[in-house]
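Reader: Hello! I'd love a close look at a single part of this model, with the reasoning spelled out as you go. Could you walk me through one residue and then its surroundings?

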Amino acid sequence: MTEPELYRLPISVKAVLVDAGRACLLFNERDQWELPGGRLERGETPEECLVREVREELGLATVVESLVDARPFRPVPGKEVFILVYRCRLASPGTVVLSSEHRQAGWFAPAEWDSLVLPDGYLASLWRAFNPGP
């Protein structure tokens with residue numbers, strides 16, 4: 001019997017950052033609105049990664065609340081990552097200070113989500129974060 005091939009993917013951690021009934025999204029170089037977050041670094045927890053990434057990308061302090069999604073994801077053809085999506089909230093009021101990684105930031109209510117160009121699976125993650133199951 002042969003040994004199965006190991007399936008290894010980089011891990012990306014994303015935030016559904018919620019404030020006043022809206023979620024924060026970032027406009028990327030692929031002309032899509034995406035969730036803030038990024039690559040998990042060696043030695044950090046997913047929650048630590050999110051706090052760091054939200055601070056780096058938005059200049060905001062965040063509190064991680066709960067895991068809402070975990071799945072493989074292809075951001076571009078030929079590249080695959082495993083994403084963990086967490087519902088988060090602001091740790092304190094603040095103003096977005098956008099990093100150079102994105103072109104724009106916006107806060108969007110659920111009624112606006114269907115009109116946005118989002119990467120595959122992000123709409124479902126947004127709905128899960130806003131409507132947690134039992």
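Author: Happy to! Let's take C49, which in this predicted model has a relative accessible area of 0% and is therefore buried. Does that cysteine have a bonding partner, and where is the nearest cysteine sulfur? C49 is in no disulfide, and the nearest cysteine sulfur, that of C88, is 10 Å away. Seen from the other end, the sulfur of C88 has C49 as its closest cysteine sulfur, and at 10 Å the two are too far apart for a bond, because a disulfide needs the sulfur atoms within 2.5 Å. C88 is also buried, with 0% relative accessibility. A search of the whole structure finds 0 disulfides.

Now for the helix around C49. Helix α1 covers residues 46-58, 13 residues in all, and spans 18 Å from first C-alpha to last, close to the 18 Å expected at 1.5 Å a residue. C49 has buried company in α1: P46, L50, R52, E53, V54, E57 and L58 are buried as well. An α-helix has 3.6 residues a turn, so residues three or four places apart point the same way. With that in mind, you may like to trace P46, C49 and E53 along α1, which are among its buried residues.

What do the buried residues of α1 pack against? Their partners are strands, namely β1 (11-19), β2 (22-27), β4 (37-39), β5 (62-76), β6 (79-90) and β7 (104-108). Right after α1 comes G59, with a positive phi near 70°.

Two of those strands lead us on to the aromatic rings. The structure holds 5 aromatic pairs. One of them joins W33 and F108, edge-to-face, with 4.9 Å centre to centre and 70° between the planes. Since W33 lies in strand β3 (residues 33-34) and F108 in β7, this pair ties together parts that are 75 residues apart in sequence. W33 counts as buried because its relative accessibility is 9%, and F108 counts as buried because its value is 12%. The rings of F73 and Y122 have centres 5.4 Å apart and planes at 40°, so this pair is tilted. It links distant parts of the chain, with F73 in β5 and Y122 in helix α3 (residues 122-130), 49 residues apart. Both F73 and Y122 are buried.

To finish with the rings, W33 and F108 form one aromatic cluster with F27. There is also a charge over a ring: R87 lies over the face of F130, 5.8 Å from the ring centre.

Technical notes
Residues numbered from 1 in each chain as written. Predicted model: local features only at pLDDT ≥ 70, side-chain atom pairs only at ≥ 80, totals over all residues. Heavy atoms only, no water. Helix = DSSP H or I, 4+ residues; strand = E, 2+ residues; numbered from the N terminus. Expected span 1.5 Å × (residues − 1). Buried < 20%, exposed > 50% of the residue type's maximum accessible area, 1.4 Å probe, protein only. Contact = heavy atoms within 4.5 Å. Phe/Tyr/Trp six-rings, centres within 6.5 Å; stacked < 30°, edge-to-face > 60°. Lys NZ or Arg CZ within 6 Å of the ring centre and 35° of its normal.
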